[in-house]
Amino acid sequence: MTRRAAVIMAAGQGTRMKSPTPKVLHKVGGRAILDRVIDTVQASGCERIVVVVGNHSPGVRALVEARLGAAAVAVQDPPLGTAHAVLAAREALADFDGDVLVLNGDCPLLEAHHLEPLFELRTAGVDMAMLAFEPADPLLYGRVLRGADGHVLRIVEAKEATPEELAVRVCNAGMMVADRARMFGWLGQVTNDNAKGEYYLTDTVKIAVAEGGLVKASIAPENAVMGADTALQLSQAEAVFQQRRRAHFLAQGVQMLAPDTVHFSWDTQVAAAATIEQFVVFAPGVSVETGAVIRAFSHLEGAVVKAGALIGPYARLRPGAEIGEEAHIGNFVEVKKVKVGAGAKANHLSYLGDGTVGAKANLGAGTIFCNYDGFDKFETHVGEGAFVGSNSALVAPVTIGAGAYTGSGSVITRDVAPDALALERSTQVEKPGWAARFRAAKLAKKAKK
């Protein structure tokens, strides 16, 4: 198979997003758009990837270096158009022998199977394969002009198209594949003799055809190639992503009572026969095993939920939460960096931060792991079968031994031995008749006014 490389264009200013965050760093499904594009390119078999960035976006460069290394960065400065952007990657791929895929860095819904037809066209003998689509409203997209044999003749930008050309429904998606040497040879011939004074990548099609090259287009679904140039388009991309994920999990046997209200992340894992109720949000890093139930209005991030566990309603699992088999984390309970053992329960109004809860332990309503002193975090460990009374504050570092009890309302500051009872309460004082005398005095004072 011909070797594959990719050039991702990510140097755009993204001004229409009206955000200080570069366009390609905005997220869909909890993952940066550029990360998603890199994922897609890697899944398509590209062994070399070069990302073209601008000096105005150090955050984009940092992402590329973190994922692919400094050698994967090419800088376009100043920005003079899409052809100019791809040419910035020429040196980085000078020693590469194979096909080069050129694509935009702002297509969050693009997947590898949308790109594979381009490589198949190359294998079939096409000199340049390009991706096109048929939008519901072509607007200002460049039109793909084809001959009677179906081969592409050229691409005309909307601003420079005749009325007849604007009537063409097939539009350019901005992605193409060709042999590396020929691709950069065509790019080197592009001029900026156009309305915007820019070097258009699309002009390579006309140049290739003029040299006798065969160019053919593969038609992709519109949402596969949609960009995210504005906040509205970003929200539309998110909606499509969520629809895809919901359909995926329903097909896998996940039970959802109101799927349109459930929000997934790109890496959410939910096993068959798990149940997800209404208005549940999965932030990145969540795994839910079979038979678990995530009840309504819960928020999970960086958490593992084992088989048969019950979460919520109104629960919050934060990074590092690991909920054991058949364990219960109930309403208004927050868990952060705590491993909860099988069958353990924290059913009401509690905060569990940093530590462990042993199997079949029971944490009463209002239990708090006091894990932070303003500077450092400390751990609380509750042993197997322990019973923590309601409204208990466990001041870390502290350990409650297996089978031990703490009395309700206690502030536990020292370790509790296994099977012991720990109480920490002030002596209750009762003053007979005080309430009646208090009310009578207040009413008498009010009557005199």
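User: What makes both faces of E6 count as covered?
Analyst: On one side Asp 99, Leu 101 and Leu 103 are buried, and on the other side Val 100, Val 102 and Asn 104 are buried too. Buried means a relative accessible area under 20%, exposed means over 50%, and partly exposed is in between, with a 1.4 Å probe and protein chains only. In a regular strand, side chains alternate between the two faces of the sheet.

User: What kind of model do these values come from?
Analyst: The model is predicted: local features need pLDDT of at least 70 and side-chain atom pairs count only at pLDDT 80 or more, while totals for chains, interfaces and linings use all residues. Residues are numbered from 1 along each chain as its sequence is written, and side-chain values use heavy atoms, leaving out hydrogens and water.

User: Why is strand E6 called largely enclosed?
Analyst: Strand E6 covers residues 99-104, and six of its six residues are buried, so the rest of the structure largely encloses it. The element names follow DSSP runs, numbered from the N terminus: helices are H or I with at least four residues, strands are E with at least two. By that rule the chain has 10 helices and 35 strands.

User: How do you know that E1 and E6 pair, and in which sense?
Analyst: Two strands pair if DSSP finds at least two bridges between them. Strand E1 (residues 4-9) and E6 have six bridges, in the parallel sense, with Ala 5 opposite Val 100 of E6. E6 also pairs with strand E10 (residues 171-179), in the antiparallel sense over four bridges. There, Asp 99 has Asp 179 of E10 as its bridge partner.

User: Which strands are the edge strands of the open sheet, and what makes them so?
Analyst: The sheet has 10 strands in the order E12-E14-E17-E20-E23-E25-E27-E30-E33-E35, with parallel pairing. Strand E12 (255-256) and strand E35 (421-422) are the edges, as each pairs on one side only. For E35 the partner strand E33 (residues 405-406) pairs in the parallel sense over two bridges, and Tyr 405 stands opposite Leu 421.

User: Why is Phe 249 called buried?
Analyst: Phe 249 has a relative accessible area of 2% and is therefore buried. Phe 249 belongs to helix H9 (residues 231-251). Outside its neighbours within four places in sequence, Phe 249 is in contact (heavy atoms within 4.5 Å) with Val 254, Met 256, Phe 264, Thr 268 and Val 270.

User: What makes helix H1 mostly covered?
Analyst: Eight of the 11 residues of H1 (residues 33-43) are buried. Charged residues are among them: Asp 35 and Arg 36 are on the buried list with Ile 33, Leu 34, Val 37, Ile 38, Thr 40 and Val 41. After H1 comes Gly 45, with a positive phi near 95°.

User: What makes the phi of Lys 18 notable?
Analyst: Most residues other than glycine have a negative phi, and most peptide bonds are trans. Lys 18, not a glycine, has a positive phi of about 55°. Lys 18 lies in the loop between E1 and strand E2 (27-28) and is exposed at a relative accessible area of 76%. Lys 360 also has a positive phi, near 60°. Lys 360 sits in the loop between strand E26 (351-357) and strand E27 (362-363), and its 67% relative accessibility makes it exposed.

User: How do you know that the bond between Gly 312 and Pro 313 is cis?
Analyst: Omega for that peptide bond is about 5°. Pro 313 is in the loop between strand E20 (310-311) and strand E21 (316-317). A cis bond also joins Ala 396 and Pro 397, with omega about 0°. Pro 397 is in the loop between strand E31 (393-395) and strand E32 (398-400).

User: How does the radius of gyration of the chain stand against that of a compact globule?
Analyst: The chain has 31 Å, whereas a compact globule of 449 residues would be near 22 Å. The radius is taken over C-alpha atoms, and the globule rule is 2.2 Å times the number of residues to the power 0.38. The C-alpha atoms fill a box of roughly 105 × 65 × 40 Å along the principal axes.
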